[in-house]
Amino acid sequence: MTESRPMDFTTALDRHLAAIDARDLEAYMATVHDQATIVLPGGGTLTGSDAIRAFHRKWFDDPDWTMTATRTRTVLHQDTAVAVFDVEYRDLDGDGRPYGMRQVLGLVFARIDGNWLLVHDQNTVL
């Protein structure tokens with residue numbers, strides 16, 4: 001019999017980021033708490049899995065963007081973890097012109113029933 005061990009934070013974070021890179025909505029949502037909050041670069045806020053799913057469905061369907069995230073800090077304390085990234089984001093505007101922006105991305109995860117889930121995502125444009 002194989003004993004199931006809970007996923008460590010690094011593995012959970014890697015799965016979260018891989019789901020974004022792959023634009024895999026179901027894999028992404030599996031890493032997000034159903035009451036999570038996301039603060040978008042423009043200041044808008046998404047709360048709860050329905051709003052987060054709807055936003056990400058549209059974003060993941062857009063083939064034009066690329067995002068490179070470089071982790072700058074990780075803090076792990078008991079059942080809470082924070083990861084901070086420098087992000088280079090590139091996309092096309094409504095007229096098809098390329099643009100880019102730098103952001104600081106802060107991700108807060110909580111360990112709930114042995115699973116690390118995103119509870120807060122904060123994007124800040126530099």
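Where does arginine 23 sit, and between which two helices? Its place is the loop between helix H1 (9-22) and H2. The views below come from a predicted model, and they begin with the whole chain before moving in on details, arginine 23 among them.

**Figure 1. The whole chain, with three helices and six strands.** Starting at the N terminus, you meet the elements in the order α-α-β-β-α-β-β-β-β. The radius of gyration is 15 Å, close to the 14 Å that the globule rule gives for 126 residues, so the chain is as compact as a globular protein of that length. Along the principal axes, the C-alpha atoms fill a box of roughly 55 × 25 × 25 Å. Of the 126 residues, 33% are buried.

**Figure 2. A look into the largest pocket, which holds about 330 Å³ of space.** Sixteen residues would be a lot to label, so here are the ones to find first: of the 16 that line the pocket, Leu40, Pro41, Phe55, Trp59 and Asn123 lie nearest its centre. Which elements each supply at least two residues of the lining? They are helix H3 (49-61), strand S5 (98-112) and strand S6 (115-125). S5 gives the most, with four residues. Sorted by class, the lining has twelve nonpolar residues, three polar ones and one charged one.

**Figure 3. Aromatic rings around phenylalanine 60.** The count of aromatic pairs comes to eight. Take tyrosine 28 and phenylalanine 60: their ring centres are 5.8 Å apart and their planes meet at 85°, so this pair is edge-to-face. An angle over 60 degrees is what earns that name. Tyrosine 28 belongs to helix H2 (residues 25-29) and phenylalanine 60 to helix H3, so the pair ties together parts that are 32 residues apart in sequence. Are these two residues buried or exposed? Tyrosine 28 is buried, and phenylalanine 60 is too. Phenylalanine 60 also pairs with tryptophan 59; here the ring centres are 5.5 Å apart and the planes lie at 35°, so the pair is tilted. Tryptophan 59 and phenylalanine 60 are both buried. Zoom out a little and you can pick out one aromatic cluster, formed by Tyr28, Phe55, Trp59, Phe60, Trp65 and Tyr89. Two of these names may ring a bell, as Phe55 and Trp59 are also among the residues nearest the centre of the largest pocket.

**Figure 4. Arginine 23 over the face of tryptophan 65.** Back to the residue from the opening question. Arginine 23 lies 3.8 Å from the ring centre of tryptophan 65, and that tryptophan is a member of the aromatic cluster in the previous view. Arginine 23 is partly exposed, with a relative accessible area of 26%. Its backbone deserves a glance as well: phi of arginine 23 is near 55°, a positive value in a residue other than glycine. Most residues other than glycine have a negative phi.

**Figure 5. Glutamine 78, in the loop between strand S3 (66-77) and strand S4 (80-92).** What is the phi of glutamine 78? The value is near 50°, which is positive in a residue other than glycine. Glutamine 78 counts as exposed, at 60% relative accessibility.

**Figure 6. Alanine 27 and leucine 17.** Alanine 27 is found in helix H2, the helix that also holds tyrosine 28. With a relative accessibility of 31%, alanine 27 counts as partly exposed. Ten residues separate alanine 27 from leucine 17 along the chain, and their C-alpha atoms are 10.0 Å apart.

**Figure 7. Glutamine 35 and threonine 47.** Look for glutamine 35 in strand S1 (residues 32-39). Its relative accessible area is 54%, and glutamine 35 is exposed. From C-alpha to C-alpha, glutamine 35 and threonine 47 are 6.4 Å apart in space, with their places twelve residues apart in sequence.

**Figure 8. Aspartate 64, in the loop between H3 and S3.** At 41% relative accessibility, aspartate 64 counts as partly exposed. How many residues apart in sequence are aspartate 64 and methionine 101? They are 37 residues apart in sequence, and 14 Å apart in space from C-alpha to C-alpha.

Conventions
Residues numbered from 1 in each chain as written. Predicted model: local features only at pLDDT ≥ 70, side-chain atom pairs only at ≥ 80, totals over all residues. Heavy atoms only, no water. 1 Å grid on protein atoms, 1.4 Å probe; cavity = no way out; pocket = protein on both sides within 12 Å on 5 of 7 lines; lining within 4 Å. Points joined across faces, edges and corners; volume = space filled by probe spheres on them. Nonpolar A, V, L, I, M, F, W, Y, C, P; charged D, E, K, R; others polar. Phe/Tyr/Trp six-rings, centres within 6.5 Å; stacked < 30°, edge-to-face > 60°. Buried < 20%, exposed > 50% of the residue type's maximum accessible area, 1.4 Å probe, protein only. Lys NZ or Arg CZ within 6 Å of the ring centre and 35° of its normal. Rg over C-alpha atoms; globule rule 2.2 N^0.38 Å.
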